[in-house]
Amino acid sequence: FVRGQPRDEQWQRRSKQWVVLVDDEESIRKSVGQFLFDAGYQVTACADADTALRVCRSSRADSSSDDESSSSSLSVPDAIVSDIRMPGR
C-alpha cells in the first residue's frame, strides 16, 4: 500500500472483515493491531478476555453493512487473535 494510490481488491475484501485482538501486553496489541489495520482489517484490540467477550456480545460497530447478519444483536468477529497466556480467567 502506498499512500494516495487506490487499494487493491484483497484490501477491499479484507476491509469488510472484523478481527478481535486479545493480548495483555500493550506493545503487542499496538504492533499486531496496526499490522492488521494496515492490511485492511477492522480491528478491535482488547487487554483481557472479559473485555473481548463484552465486545463480542455488544452490537457490531459497523452495523450499517447490508448483509443479513447485521440485524442480529450478537457480534461474531471474522477472526480472533489471542495470546494464550494471560492473567485472569
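Hi everyone. Before we look at the strands, one definition: two strands pair if DSSP finds at least two bridges between them. Keep in mind, too, that this is a predicted model.

With that in hand, take strand β1, residues 18–22: β1 and β3 pair in the parallel sense, over 4 bridges. Along that pairing, V22 stands opposite S82 in β3.

Now let's widen the view to the sheet. It is an open sheet of 3 strands with parallel pairing, and the order is β2-β1-β3. So which strands are at the edges? Those are β2, at 42–46, and β3, at 79–82, and each pairs on one side only. On average, neighbouring strands here are turned by 20 degrees against each other, direction ignored.

On to the helices. Helix α2, residues 26–38, lies across β1 and β2, and runs at about 170 degrees to β2. Helix α3, residues 49–57, packs on the sheet as well, where α3 touches β1 and β2. The direction of α3 makes about 160 degrees with that of β1.

Let's stay with α3 for a moment. Which of its residues are buried? They are A52, V55 and C56. Looking down the axis of α3, the buried residues fall within an arc of 95 degrees, so they line one face of the helix. What covers them includes β1 and β2. Over on the other side of α3, R54 and R57 are exposed.

One last detail, at the start of α3: a side-chain oxygen of D48 comes to within 3.2 Å of the backbone nitrogen of D50.

Thanks, all. Happy to take questions!

How values were computed:
Residues numbered from 1 in each chain as written. Predicted model: local features only at pLDDT ≥ 70, side-chain atom pairs only at ≥ 80, totals over all residues. Heavy atoms only, no water. Helix = DSSP H or I, 4+ residues; strand = E, 2+ residues; numbered from the N terminus. Axes fitted to C-alpha atoms, helices over the stretch in contact; angles between N-to-C directions. Contact = heavy atoms within 4.5 Å. Buried < 20%, exposed > 50% of the residue type's maximum accessible area, 1.4 Å probe, protein only. Arc of directions from axis to C-beta. Polar contact = N/O pair within 3.5 Å; in protein donor to acceptor, adjacent residues only side chain to side chain.
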